[in-house]
Amino acid sequence: MADKKQGRNAVCGQLQIAFDPPKKPKRNKYAVACSFLASLASILLGYDIGVMSGAIIYIKKDLNINDVQVEILAGILNLYSLIGSAAAGRTSDWIGRRNTMVVAAVIFFVGALLMGFATNYAFLMFGRFVAGIGVGYALMIAPVYTAEVSPASSRGFLTSFPEVFINGGILLGYVSNFAFSKLPAHLSWRFMLGIGAVPSVFLAISVLAMPESPRWLVMQGRLSEARTVLKKTSESPEEADLRLSEIKEAAGIPECCNDDVVEVPKRPKGDSVWRELFISPTPAIKHIVLTGLGIHFFQQASGIDSVVLYSPTIFEKAGIKSDTDRLLATVAVGIIKTIFVLVATFLLDRVGRRPLLLTSVGGMVMSLIFLSIGLTVIDHSDGTVFWAIALCITMVLAYVALFSIGAGPITWVYSSEIFPLRLRATGCSLAVALNRVTSGVVSMTFLSLEKAITIGGAFFFYAGLAGLAWVFFFTLMPETQGKTLEETEELFGTFFKWRLTLRELKAKEKNNNAQIQMATVPAVGS
């Protein structure tokens with residue numbers, strides 16, 4: 001009897017172990033540190049966006065330029081960054097992710113100095129051309145590197161770091177504007193722009209402490225180095241082995257190849273990345289390209305850069321006339337953006353991508369509508385309408401908060417994790433290019449749009465685009481939370497029917513887990 005009782009207890013103990021949910025692993029500190037350092041690259045874009053919002057006030061006074069020149073100056077860096085982002089994909093595949101970050105830092109450093117020492121409009125535009133290439137490199141490489149070193153359990157948290165640093169850069173730019181606003185006009189904007197060289201120095205130094213991406217190392221056949229990095233950035237040795245196995249499979253390296261250095265199979269002739277992405281893509285790749293590019297388009301088409309870049313102009317229209325007061329109000333915008341993007345980093349892996357994104361974009365639609373109403377009321381009133389001024393300021397802060405908690409970070413997280421390894425660098429490079437084109441168009445047309453259909457009409461227009469974005473995200477974008485980068489590809493290919501695919505995958509996973517659990521429980525009589 002005692003033996004049978006012990007046997008039953010042993011079985012119950014094994015059943016409890018088999019069916020108890022796994023404990024949530026602690027965040028890997030080494031992976032967090034690597035992602036933190038890589039994301040410093042994103043400060044470059046954020047600083048330029050933030051600082052230009054105030055610098056253009058003094059550039060316009062000092063260089064006597066018109067509104068069209070202001071629009072071009074403010075938004076052209078986004079188009080120049082296309083050159084950097086287009087080149088970054090191939091560059092990072094050639095020299096590695098780490099070295100590409102050094103390239104980004106050096107180019108932006110030169111561009112910032114050129115802008116700081118500019119003597120006229122043409123010289124200033126050349127400086128923005130150079131800085132734009134550096135920004136393009138940084139924007140593409142930071143999320144790719146972060147996604148490739150992150151374990152699946154915390155990839156959303158870590159891959160949102162670039163957006164955190166973009167917001168941090170914007171806040172630094174706003175603070176720089178306020179700090180140098182008391183200088184003479186011919187000095188203030190030069191200090192604002194020139195000081196941007198400092199973050200690029202920190203980025204270049206930080207690369208010395210970072211390992212190379214394990215996925216890039218595998219693509220070069222350097223398995224021993226990749227294994228070392230994966231052991232440091234994974235939650236357990238078993239996860240490191242699993243990640244290495246999946247990356248080897250994606251790279252076409254046989255499972256049995258475990259030497260320190262192996263030869264990577266060459267891709268068949270004509271089997272180019274561009275062909276696979278656009279000429280003869282599979283249904284899964286079509287779906288990935290559509291969503292990967294679509295989320296970047298709608299992120300910018302909803303008007304975030306108009307709000308961030310022209311916030312002093314918006315506050316002036318709302319009734320704040322003093323330059324100092326307007327710049328101080330923009331600092332509040334930067335603080336709100338930074339706080340809420342930090343909140344988002346802790347929610348991404350708990351709540352999931354879709355719930356945050358849909359909540360974020362739905363709230364953005366409403367805040368843009370109310371901002372439009374407030375600005376329209378002020379525009380058609382002779383006196384000061386205090387409730388409308390308060391509404392406009394509140395809605396600007398609400399809009400940037402809602403953007404930062406969802407649409408801002410999730411765009412970079414999502415696009416960096418859905419492209420397969422063989423297409424990731426080029427796919428993300430194209431997504432960043434579209435992001436910058438859309439941002440450039442929005443930035444370079446806002447003042448003209450405001451004159452054509454009023455500032456209230458301009459934000460009604462952005463609200464409509466944000467509404468279309470919500471429909472696109474709801475119907476076409478699967479949830480990727482908790483999936484490995486290699487598993488994510490399985491969710492795509494059925495477009496509007498992706499929910500059915502997800503249910504089938506969950507049922508399959510449940511059956512596999514049940515079989516594993518049954519296999520671990522021995523027969524009671526044995």
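Which side chains meet in a salt bridge with an N to O distance of 2.9 Å, one of them being Asp 93? The partner of Asp 93 is Arg 97. This report starts from that pair and then turns to other parts of the structure. The model is a predicted one.

## A shared network

Asp 93 and Arg 97 pair through their side chains. Asp 93 is partly exposed, with a relative accessible area of 36%. Arg 97 is buried, at 3% relative accessibility. The pair does not stand alone: salt bridges with shared partners join Asp 93, Arg 97, Glu 148 and Arg 424 into one network.

Why can such pairs form? Side chains of opposite charge can pair when their charged atoms come close.

## Salt bridges across the chain

How many salt bridges does a search of the whole structure find? The count is 11. Two further examples link parts of the chain that lie far apart in sequence.

Take Asp 62 and Arg 190 first. Their side chains meet at 3.3 Å, N to O. Asp 62 sits in helix α3, while Arg 190 sits in helix α9 (residues 185-194), so this salt bridge ties together parts that are 128 residues apart in sequence. Asp 62 is partly exposed, with 26% relative accessible area.

Now take Asp 67 and Lys 451. Their side chains form a salt bridge at 2.9 Å, N to O. Asp 67 belongs to helix α4 (residues 67-95) and Lys 451 to helix α21, and the two are 384 residues apart. Is each partner buried or exposed? Asp 67 is partly exposed, at 23% relative accessibility. Lys 451 is exposed, at 59%. The cut-off for exposed is over 50%, so Lys 451 passes it.

## A kinked, enclosed helix

Helix α3 covers residues 43-63. Where is its kink centred? The centre is Ala 55, and the kink is about 40°. Of the 21 residues of α3, 18 are buried, so the helix is largely enclosed by the rest of the structure. Just after α3 comes Asn 64, which takes a positive phi of about 55°.

## Space inside

Rolling a probe the size of a water molecule over the atoms shows where empty space is left. How many cavities of 30 Å³ or more are counted here? The count is 4. The largest cavity holds about 130 Å³ of space.

Its lining is made of 16 residues. Nearest the centre of the largest cavity are Ile 49, Glu 163, Ile 166, Gln 300 and Asp 305. Several helices supply at least two lining residues each, including α3, α15 (283-301), α16 (304-309) and α20 (386-418). Helix α21 (421-476) is another such helix. The most comes from α8, with 4 residues. Helix α8 spans residues 161-180.

## A nonpolar patch outside

Now to the surface. Val 106, Phe 109, Val 110, Leu 113, Phe 117, Val 201, Ile 205 and Leu 208 form a nonpolar patch there. Together they have about 750 Å² of accessible area.

Which helices each supply at least two residues of the patch? They are α5 (97-116) and α10 (197-206). Helix α5 gives the most, with 4 residues. Val 201 is in helix α10. Val 201 counts as partly exposed, at 38% relative accessibility. That value is not over 50%, so Val 201 does not count as exposed.

Key
Residues are numbered from 1 along each chain as its sequence is written. This is a predicted model: local features need pLDDT of at least 70, side-chain atom pairs count only at pLDDT 80 or more; totals for chains, interfaces and linings use all residues. Side-chain values use heavy atoms; hydrogens and water are left out. Patches are made of residues with over 30% relative accessible area and no salt bridge: like charges are joined within 9 Å, nonpolar side chains (Val, Leu, Ile, Met, Phe, Trp, Tyr) within 5 Å. Accessible areas come from the Shrake-Rupley method with a 1.4 Å probe; for residues, only the protein chains shown count as cover. A salt bridge is a side-chain nitrogen of Lys or Arg within 4 Å of a carboxyl oxygen of Asp or Glu. Buried means under 20% relative accessible area, exposed over 50%, partly exposed in between (1.4 Å probe, protein chains only). The bend at a residue is the angle between axes fitted to the seven residues ending there and the seven starting there. On a 1 Å grid over the protein atoms alone, a cavity is a set of points where a 1.4 Å probe fits but cannot get out, and a pocket is an open set with protein on both sides within 12 Å along at least five of seven lines; lining residues have an atom within 4 Å of a point. Grid points are joined across faces, edges and corners, and a volume is the space filled by probe spheres set on the points.
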